[in-house]
Amino acid sequence: MSATRFDVAGVSVSPDHYIDGRRVACVDTFECVSPIDQTRLGDIASGSLAHVDAAVTAAALAFPAWAALGAAGRAPYLQRFAEAIGRRADAFATLESSDAGVLRSRMAHGVVPRAMQNITWFAEHALTLQDRVIETPQARHLVRHDPAGVVAVITPWNSPLMLATWKIGPALASGNTVVLKAPEWAPLTSSLLADCAHEAGLPPGVFNLLQGSGAVTGAALVSDARLARISFTGSVATAKWIAKTAAANLVPCSLELGGKSAFIVLADADLDAAAATAALMYRNAGQVCLAGTRLLVHADVAAAFTERLRAQVEHLVVGDPRDGATEVGPIIHMRQLERVQGFVERAVAGGARVLWGGTRHPFGAQYFAPTLLTDLRQRDEIVQEEVFGPVLTLQTFGSDDEVVDMANGTDYGLGGVCYGNEAHAIAVAERVRTGFIWINSFGIRDLAAPFGGIKRSGVGREGGDWSFEFFCDVKDVVVPKQPFKASFSHR
């Protein structure tokens, strides 16, 4: 391992790639800056075509032996990997908070334990995959899930650790080798993850880390014909480019993309509970694809709901995400903050009314105040496009048919929230075209359940068997029950 490291709030971090079991430095670097106060954290290695080639080559060479171990042989490695993450829980919380502006309290109590579970759950679940039997009168079908090969994992900056392990867990557990491309705006926890893989004794080449820009490092990675799968979470525009590039090599892609989810408040909803949940949409400064950012509220309760939500938002603490009292932190990058501000300014210029917020927050340069806009039309840009900031919109409706049309009236279909009498809420939710929808709740997830969106929100599902269906080649081994006699009549 390279001795070239730097310190972030007492945590030692390597700036180098991790390829074939060792750290690899390079001349080209990019600057890593904290969104909290624009402090320069360090210079990170920026991968070239040669680094990408080396990483994919290492993964390809390591694949046969890793696949041959079988699920039971791989499980101890993955258990040690998860344990190594757990031993660094405080370091992961410190780094991702400093690097991505994520609430440190959320990292410590939610994200790090989930990251560990992402590794161990899939390692255990992989043990159930092989030789599922389908009996027919003619034959016994032994259905196998064979590892596909080298997997490229490309993760976004809003939740780097959770989303990396969410993909790496099933990819490694099913016998693939992995090349992880770290997010350029928040690369540090990916580097620490490589330290954990090394400490766990994963064989060289099984897990590799590349850092760098999407335009150079990412583009070279997804263009490599040796890849067997590409798993990507990020923007629609990038996903379209990846899908087009991968198509040239017939590489299957799993694409988890943006959201513009509806938060529906029916007339029979518990308004206090609905308002408290709606306030959660501002967490992580709104940089959450799952967030129900379009508040669709029945006209009869809109005023009462809005006042309850205002009371919730007035008590939100905007500040340093390393402070345990903080509930809303910074926007990841100045470019993203300007994008968020642009959405709001254009909406106001088009006739939208600001109920609260609407401007940068005085706490710091990359902070935007929790915002709610109303007086909007369904066709308005801010209703149709993902803002990815602490900005919600509010529209009213008068009937179930109307709210279903409004909920379905964008090109996205990731998630949703519906508050109301349970039977009523379920009836409405069943008509909303989306990958999942929470009833009188938000954020409940289980690794056994499917996750993903429709339309511009993505292609494919992650979680449980769905992850393994993507990361594996499904093979049918057919064993006849009677002696087989070859004949053209058997076609």
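Reader: Which residues does the UniProt annotation "domain: Aldehyde dehydrogenase" cover?

Author: The structure is a predicted model, and the annotation comes from an unreviewed UniProt entry. Over the annotated stretch the chain is 41% helix and 20% strand. Its end C-alpha atoms are 49 Å apart. The domain annotation covers residues 28-477.

Reader: Which residue does the UniProt annotation "active site" cover?

Author: This annotation, too, is taken from an unreviewed entry. The residue is found in strand β13, which spans residues 253-256. The annotated residue is Glu 256.

Reader: Is Glu 256 buried or exposed?

Author: Leaving out residues up to four places away in sequence, Glu 256 touches Phe 232, Thr 233, Gly 234, Cys 289, Leu 414, Phe 451, Ser 457 and Glu 462. Its relative accessible area is 5%. Buried means under 20%, so Glu 256 is buried.

Reader: Which residues touch the most other members of the largest nonpolar core?

Author: In soluble globular proteins, nonpolar side chains tend to be buried together. Here the largest nonpolar core has 121 residues. Helix α5 (residues 160-173) supplies the largest share of this core, with 9 residues. Those that touch the most other members are Phe 81, Ile 168, Phe 207, Leu 295, Phe 305 and Leu 309.

Reader: How many residues are in the other core that lies apart from it?

Author: This other core lies apart from the core of 121 residues. Among its members are Ala 58, Val 150, Ala 220 and Leu 255. The core holds 27 residues.

Reader: With which residues is Phe 81 in contact, leaving aside its neighbours within four places in sequence?

Author: Phe 81 is one of the residues that touch the most other members of the largest nonpolar core. Phe 81 is also one of the α2 residues that meet α5. Beyond its sequence neighbours, Phe 81 is in contact with Ile 119, Ile 168, Leu 172, Leu 193, Cys 196, Ala 197, Ala 200 and Leu 202.

Reader: Are helices α2 and α5 roughly parallel or roughly antiparallel?

Author: Helix α2 (residues 70-87) packs against α5 with the axes 10 Å apart, at an angle of about 160°. In this pair, Arg 74, Leu 78, Phe 81 and Ile 85 of α2 meet Thr 165, Ile 168, Leu 172 and Ala 173 of α5. The crossing is right-handed. Because angles over 145 degrees count as roughly antiparallel, α2 is to α5 roughly antiparallel.

Reader: Which residues of α5 and α15 make the contact between these helices?

Author: Helix α15 (residues 464-471) and α5 pack at an angle of about 65°, with their axes 9 Å apart. α5 passes α15 in a right-handed crossing. The contact is made by Lys 167, Pro 170, Ala 171 and Ala 173 of α5 together with Ser 467, Phe 468 and Phe 471 of α15.

Reader: What is the orientation of α1 and α7 to each other?

Author: The axes of helix α1 (residues 49-68) and helix α7 (residues 214-222) come within 9 Å and cross at roughly 40°. Leu 49, Val 52 and Val 56 in α1 meet Thr 217, Ala 220 and Leu 221 in α7, and the crossing is right-handed. Angles under 35 degrees count as roughly parallel and those of 65 to 115 as roughly perpendicular. The two helices are therefore oblique.

Reader: What is the phi of Ala 9?

Author: Most residues other than glycine have a negative phi. Ala 9 is found in the loop between β1 (6-8) and β2 (11-13). Ala 9 is exposed, with a relative accessible area of 60%. Although Ala 9 is not a glycine, its phi is positive, at about 50°.

Reader: Is Asn 284 buried or exposed?

Author: Asn 284 lies in the loop between α9 (271-279) and β15 (294-298). Asn 284 also has a positive phi, near 55°, in a residue other than glycine. Because its relative accessibility is 9%, Asn 284 counts as buried.

Reader: Which residues does Ser 98 touch, not counting residues up to four places away in sequence?

Author: Ser 98 is found in helix α3 (residues 89-100). With a relative accessible area of 3%, Ser 98 is buried. The residues touched by Ser 98 are Val 8, Ser 34, Pro 35, Ile 36, Leu 41 and Arg 322.

Definitions and conventions: Residues are numbered from 1 along each chain as its sequence is written. This is a predicted model: local features need pLDDT of at least 70, side-chain atom pairs count only at pLDDT 80 or more; totals for chains, interfaces and linings use all residues. Side-chain values use heavy atoms; hydrogens and water are left out. A nonpolar core is a set of buried Ala, Val, Leu, Ile, Met, Phe, Trp, Tyr and Cys residues joined through side-chain atoms within 4.5 Å. Buried means under 20% relative accessible area, exposed over 50%, partly exposed in between (1.4 Å probe, protein chains only). Helices (H or I, at least four residues) and strands (E, at least two) are DSSP runs, numbered from the N terminus. Contact means heavy atoms within 4.5 Å. UniProt positions are given in the numbering used here, feature names are shortened, and annotations may be inferred rather than shown by experiment. Axes are lines fitted to C-alpha atoms, for helices over the stretch in contact, and angles run from 0 to 180 degrees between N-to-C directions. A crossing is left-handed if the near helix is turned anticlockwise from the far one by less than a right angle, and right-handed if clockwise.
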